[in-house]
Amino acid sequence: MIDELGVYYVPGLGESRAQSRRSALVWRIVWGVVAVIVFGLGIWLAARDQFASYLPWLVAVFAFYTVVFALYDLWAWRRAEGDAQRARQPLALGLNRDGVLFQQQWFGWGEVAAMAVTARRFGGGPKLSLAARDGRKAWLPLGLTDMMPATLDSIVRALSAGRVGVDLSRLEA
């Protein structure tokens, strides 16, 4: 029988995701600028007389979408970097029959009001949140760990003797 369990961050996964998001941002900007220049120059050279009045609007629409999607990529990159910062230490979560060590804070099972996994939108992986009865809250990026949400729920229920479970209902929403 298992009396304790450690959930660990996968080494380098957070940095890899942040780097991937940064690369997406750079490519979005580069290709957006190239598309605006090539598209605008191509129309200008091919059909200057027919599209001269529309060309500024067409270039503005391309530039607008480039900026909007670049801002999204910037936001996703910053979010991925924040998750990577949280995953710097190897242990994400420690569980035993007395309680849980969550982001370097100890919570006895009697102190835990709720644990939930939520799907984060716009580029973030699933997040495990803990709310204590005394108002303390903590969360960690579960997508950067070596644990699946349903497995974690089973282990939490077993080690807490059924007092606490991980709410997985928000993953489907």
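Is Ile37 buried or exposed? Ile37 counts as exposed, because its relative accessibility is 51% and the cut-off for exposed is over 50%. Keep in mind as you look through these close-ups that the model is predicted.

**View 1. Helix α1 from end to end.** Let's start with α1, the helix that runs through residues 13–46. Its 34 residues reach 48 Å from the first C-alpha to the last, which is close to the 50 Å expected at 1.5 Å a residue. Several residues of α1 are buried: Gly14, Ala18, Leu25, Gly32, Val36, Gly40 and Ile43. What lies over them? The cover for the buried residues of α1 includes α2 (48–51) and α3 (55–86).

**View 2. A nonpolar patch at the surface.** Now meet a patch of about 1100 Å² on the surface, made by nonpolar residues. Among its members are three tryptophans, Trp27, Trp31 and Trp44. Val26, Val30, Val33, Val34 and Val38 belong to the patch too, along with Ile29, Ile37, Leu41 and Leu45. You have already met Ile37, which is found in helix α1. With 51% relative accessibility, Ile37 is an exposed member of that helix.

**View 3. A cluster of aromatic rings.** Here we zoom in on Phe64, Tyr65 and Phe69, which ring pairs link into a cluster. The count for the model comes to 3 aromatic pairs. In one of them, the ring centres of Phe64 and Tyr65 are 5.5 Å apart and the planes meet at 75°, so this pair is edge-to-face. Tyr65 also pairs with Phe69: their centres are 6.4 Å apart and their planes are at 25°, so this pair is stacked. Tyr65 and Phe69 are 4 residues apart in helix α3, which means that about one helical turn separates them. Both rings belong to partly exposed residues, with relative accessibility of 46% for Tyr65 and 39% for Phe69.

**View 4. Thr66 and its partners.** Thr66 is found in helix α3. Is Thr66 buried or exposed? Thr66 counts as buried, because its relative accessibility is 18% and the cut-off for buried is under 20%. Which residues does Thr66 touch, leaving aside its neighbours within four places in sequence? Thr66 is in contact with Arg28 and Gly32. Gly32 is one of the buried residues of α1.

**View 5. Asp83 and its surroundings.** Let's stay with helix α3, where Asp83 lies. Asp83 has a relative accessibility of 9% and therefore counts as buried. Once neighbours within four places in sequence are left aside, the contacts of Asp83 are Arg120, Trp139, Pro141 and Leu144.

**View 6. Two glutamines in a loop.** Our last stop is the loop between β3 (99–102) and β4 (105–108), where Gln103 lies. Gln104 is found in the loop between β3 and β4 as well. What is the sign of phi at Gln103, which is not a glycine? Gln103 has a positive phi of about 50°. Gln104 is not a glycine either, and its phi is positive at about 65°. How covered are these two residues? Gln103 is buried, with a relative accessible area of 15%, whereas Gln104 counts as partly exposed at 47% relative accessibility.

How values were computed: Residues are numbered from 1 along each chain as its sequence is written. This is a predicted model: local features need pLDDT of at least 70, side-chain atom pairs count only at pLDDT 80 or more; totals for chains, interfaces and linings use all residues. Side-chain values use heavy atoms; hydrogens and water are left out. The expected span of a helix is 1.5 Å times one less than its number of residues. Buried means under 20% relative accessible area, exposed over 50%, partly exposed in between (1.4 Å probe, protein chains only). Contact means heavy atoms within 4.5 Å. Patches are made of residues with over 30% relative accessible area and no salt bridge: like charges are joined within 9 Å, nonpolar side chains (Val, Leu, Ile, Met, Phe, Trp, Tyr) within 5 Å. Accessible areas come from the Shrake-Rupley method with a 1.4 Å probe; for residues, only the protein chains shown count as cover. A salt bridge is a side-chain nitrogen of Lys or Arg within 4 Å of a carboxyl oxygen of Asp or Glu. Rings of Phe, Tyr and Trp (its six-membered ring) pair if their centres lie within 6.5 Å; planes under 30 degrees apart count as stacked, over 60 as edge-to-face and the rest as tilted.
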